[in-house]
Amino acid sequence: LEDGIDHLIETTAAMPQPHLSYYHFYPPHQPYRTRAEFRNRFRRDGIEFPEKPASVITEGNTHKETLEARSQYDETLLYVDAEFHRLYTTLKAAGRLENTWLIVTSDHGELFERGNIGHETPMAYDPEVRVPLLIFPPGHTARTDVRTPTSAVDLLPTIMEIAGLPVPEWTDGRILPPFNPQRIPEDRSVFVLHPKGSRARRPISEGSAAIVKQNMKLIYTFGLEELEGRDPYIELYDLAADPEELDDLYTPDHPQGQALLAEL
């Protein structure tokens, strides 16, 4: 990761102005390899995580195994945070953040529960689909937390707005607050799709999809051999009351569940 950050600093300095640069870093990704200074950091803090029942699709990992992998992952996140800090302070010291927008996000999270480790299993639980998004405007000095539900598809129209360019009509995204003068509705629906084994340029035949609307989240898993007669497998969670997604509220006559299912 150090080499990648060095490369970013060097190449962006040599680019013509203005420019858009995109860098995708491999860490934090398996195999989780942190620096020695971050090893066992969370074990010393005594943090505990709830043991969750195995998912309908499970790799068969024990709670102990998932916790061990999660500790290694969290330690690797500290390593990534430290390297991002080095990037940020280097760019700031050089005066390059006075006319630069810096955006940090991820393509997915990782799952360390329900018998699964990583992101290969096509499940749409929050640890796998809820990702960080940080936007640093030029010369910013104060932090603002945005609680509005957003999606990765919102980045394209937001960058277009920042650049003073028209937003394409075909995009599903919205300009993110606080850069959008129009308030995003609180009841906006945000969608997730994990097509898993579906083949390119073919109809999506298996995987999982989810819809989040306000505090309710419906997960729809379909087309997988592991479902064994429970296809599709539908779950419903109240994320405000149950952020760990432990209490499945779905029934065929649940009004919110049926409304979300119809929309999805």
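**Exercise 1. Find which residue in β7 is the bridge partner of Ser208, then place β7 in its sheet.**

Step 1. Go across from Ser208 and you land on Thr221, its bridge partner in β7. Strands here are DSSP runs of E of at least two residues, helices are runs of H or I of at least four residues, and both are numbered from the N terminus. Before going on, keep in mind that this is a predicted model, where local features need pLDDT of at least 70, side-chain atom pairs count only at pLDDT 80 or more, and totals for chains, interfaces and linings use all residues. Residues are numbered from 1 along each chain as its sequence is written, and side-chain values use heavy atoms, with hydrogens and water left out.

Step 2. Now zoom out to the two strands. β6 (residues 207–213) and β7 (residues 216–222) run antiparallel and are joined by seven bridges; for two strands to pair, DSSP has to find at least two bridges between them.

Step 3. Turn to β8. β7 and β8 pair in the antiparallel sense too, over six bridges, and Lys217 has Tyr237 in β8 as its bridge partner.

Step 4. Put the sheet together: it is open, has four strands in the order β5-β6-β7-β8, and its pairing is antiparallel. β5 and β8 (233–238) stand at the edges with a single partner strand each, so one side of each has no neighbour in the sheet. On average, neighbouring strands are turned by 15° against each other, direction ignored.

**Exercise 2. Work out which strands helix α6 touches, and whether β8 is mostly covered or uncovered.**

Step 1. Follow α6 (residues 255–263): this helix packs on the sheet and touches β5, β6, β7 and β8. Contact means heavy atoms within 4.5 Å.

Step 2. Check the angle. The direction of α6 makes about 55° with that of β7; axes are lines fitted to C-alpha atoms, for helices over the stretch in contact, and angles run from 0 to 180 degrees between N-to-C directions.

Step 3. Look at β8, which is mostly covered, with five of its six residues buried. Buried means under 20% relative accessible area, exposed over 50%, and partly exposed in between (1.4 Å probe, protein chains only).

**Exercise 3. Identify which helix gives the most to the largest nonpolar core.**

Step 1. Start with the rule: a nonpolar core is a set of buried Ala, Val, Leu, Ile, Met, Phe, Trp, Tyr and Cys residues joined through side-chain atoms within 4.5 Å.

Step 2. The largest core has 14 residues, and Leu1, Ile5, Leu87, Tyr88, Leu97 and Leu102 touch the most other members. Helices α1 (2–13) and α3 (63–93) each supply at least two residues, and α3 gives the most, with six.

Step 3. Another core lies apart from this one; it has 13 residues, including Met123, Val212, Leu227 and Leu239.

Step 4. Back to Leu97: leaving aside neighbours within four places in sequence, Leu97 is in contact with Tyr88, Leu91, Lys92, Leu102, Pro138 and Gly139.

**Exercise 4. Classify the ring pairs Tyr88–Phe136 and Trp101–Phe179.**

Step 1. Rings of Phe, Tyr and Trp (its six-membered ring) pair if their centres lie within 6.5 Å; planes under 30 degrees apart count as stacked, over 60 as edge-to-face, and the rest as tilted. By this rule there are nine aromatic pairs.

Step 2. Tyr88 and Phe136 have ring centres 5.5 Å apart and planes at 50°, so this pair is tilted. The pair links distant parts of the chain, with Tyr88 in α3 and Phe136 in strand β4 (residues 133–136), 48 residues apart. Both Tyr88 and Phe136 are buried.

Step 3. For Trp101 and Phe179, the centres are 5.3 Å apart and the planes at 75°, so call this one edge-to-face. Trp101 is in the loop between α3 and β1 (102–105) and Phe179 in the loop between α5 (155–162) and β5 (189–194), so the pair ties together parts 78 residues apart in sequence. Trp101 is partly exposed, at 33% relative accessibility.

**Exercise 5. Compare the settings of Asn40 and Arg114: is each buried or partly exposed?**

Step 1. Asn40 is not a glycine, yet has a positive phi of about 65°. Asn40 sits in the loop between α1 and α2 (41–45) and is partly exposed, with a relative accessible area of 37%.

Step 2. Arg114 also has a positive phi, near 60°, and lies in the loop between β2 (111–113) and β3 (116–118). Arg114 is buried, at 5% relative accessible area.
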